[in-house]
Amino acid sequence: MDKELLRKIAKLSERLPNEVREAYSRTISEFTVSLKEIKEARNVLLFLSLPNEPDTDELIAKLHAQGKNIFVPVVRGEEFVISAYAPGDPVKYGSFGIREPICDTASEVIPDVAVVPMVAFDNAFTRLGHGKGYYDRYLAGKDIVKIGVCYASRKFKEIPRDPNDVAMDVIVTEEGILKGDESNRR
């Protein structure tokens with residue numbers, strides 16, 4: 001199955017009722033905050049979620065309250081830079097309708113952890129994104145723990161993997177935490 005068909009299939013579940021999305025998002029947030037990798041991190045790259053993704057606002061607020069430095073992507077052409085962000089900072093809608101901080105000064109910080117959105121994922125921790133490759137280009141070659149967040153219903157047996165695709169180290173869904181070793185994979 002090709003990636004575009006997988007995206008279409010996965011997106012069939014994007015119209016979750018608000019109360020279900022909110023419950024799943026809270027659970028995903030709780031699991032994510034409980035991760036050792038998050039607890040030990042000082043600088044965390046997160047994303048300001050789209051309506052079809054797990055809501056990250058609560059997660060950002062929790063991590064900010066714990067004293068973590070939060071960064072979010074800001075699209076600039078074919079790449080993105082990261083910019084410091086705190087709950088309540090004013091945002092604008094940038095490329096692809098993604099919320100970005102109005103004060104979008106690029107940071108030189110390399111995050112300890114990146115919490116990354118996924119359209120879908122597979123047993124090999126391959127991440128299927130929206131198809132533009134921004135996260136793959138940003139994460140390539142950096143020593144950052146990569147945590148993908150996604151709804152459990154979007155897990156596939158296998159997603160075609162391109163040479164530039166960056167796999168996740170951890171995947172968090174509303175059903176639990178999957179780590180990158182065979183004993184934890186479902």
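**Group meeting: strands, pocket and two annotated residues**

I'll start with one pair of residues: Asp-122 has Phe-156, in strand 10, as its bridge partner. Before I go on, please keep in mind that this is a predicted model.

That pair belongs to the contact between strand 7, residues 120–122, and strand 10, which run parallel and are joined by two bridges. Strand 7 is also the middle member of an open sheet of three strands, in the order 8-7-10, with mixed pairing. Strand 8 and strand 10, the latter at 155–156, are the edge strands; each has a single partner strand, so one side of each has no neighbour in the sheet.

Now to another set of strands, with strand 9, residues 145–149, as the place to begin. Is strand 9 mostly covered or mostly uncovered? Mostly covered: of its five residues, four are buried. Strand 9 pairs with strand 6, residues 113–117, in parallel, through five bridges. If you want a position to look at there, take Val-116, which stands opposite Gly-148 of strand 9.

Strand 9 also pairs with strand 11, residues 170–173, again in the parallel sense, over three bridges. Here Ile-147 has Val-170 in strand 11 as its bridge partner.

Strand 11 in turn pairs with strand 12, residues 176–179, and this pairing is antiparallel, with four bridges. The two strands, 11 and 12, make a hairpin, with two residues between them. Within that pairing, Ile-171 stands opposite Leu-178 of strand 12.

Next, the pocket. The largest pocket has a volume of about 550 Å³. How many residues line the largest pocket, and which lie nearest its centre? There are 29 lining residues, and those nearest the centre are Arg-127, His-130, Gly-131, Lys-132 and Tyr-134. By class, the lining is made up of 13 nonpolar, ten charged and six polar residues. Several elements each give at least two residues to this lining: helix 1 (3–11), strand 2 (69–76), strand 8 (127–128) and helix 5 (134–139). Strand 8 has already come up, as one of the edge strands of the open sheet.

That brings me to the annotation. Under "binding site", UniProt lists Leu-48 and Glu-53, and the entry is an unreviewed one. Both Leu-48 and Glu-53 are included in the lining of the largest pocket.

Take Leu-48 to begin with. Leu-48 sits in the loop between strand 1 (43–45) and helix 4 (57–65). Its relative accessibility is 3%, and buried means under 20%, so Leu-48 counts as buried. Setting aside neighbours within four places in sequence, Leu-48 is in contact with Thr-56, Ile-60, Val-72, Tyr-85, Val-91, Ile-98, Arg-99 and Glu-100.

Then Glu-53. Where does Glu-53 lie? In the loop between strand 1 and helix 4. Is Glu-53 buried or exposed? Buried, because its relative accessibility is 6%. Leaving out residues up to four places away in sequence, Glu-53 touches Arg-21, Phe-47, Pro-117, His-130 and Tyr-151. Two of those names are worth placing. His-130 is one of the residues nearest the centre of the largest pocket. Pro-117 falls in strand 6, residues 113–117, the strand that runs parallel to strand 9.

To close on the annotated pair: Leu-48 and Glu-53 are listed by UniProt in an unreviewed entry, and in this predicted model the lining of the largest pocket includes Leu-48 and Glu-53.

Notes. Residues numbered from 1 in each chain as written. Predicted model: local features only at pLDDT ≥ 70, side-chain atom pairs only at ≥ 80, totals over all residues. Heavy atoms only, no water. 1 Å grid on protein atoms, 1.4 Å probe; cavity = no way out; pocket = protein on both sides within 12 Å on 5 of 7 lines; lining within 4 Å. Points joined across faces, edges and corners; volume = space filled by probe spheres on them. Nonpolar A, V, L, I, M, F, W, Y, C, P; charged D, E, K, R; others polar. Buried < 20%, exposed > 50% of the residue type's maximum accessible area, 1.4 Å probe, protein only. Pairing = 2+ DSSP bridges. UniProt positions renumbered as here; feature names shortened; annotations may be inferred. Contact = heavy atoms within 4.5 Å.
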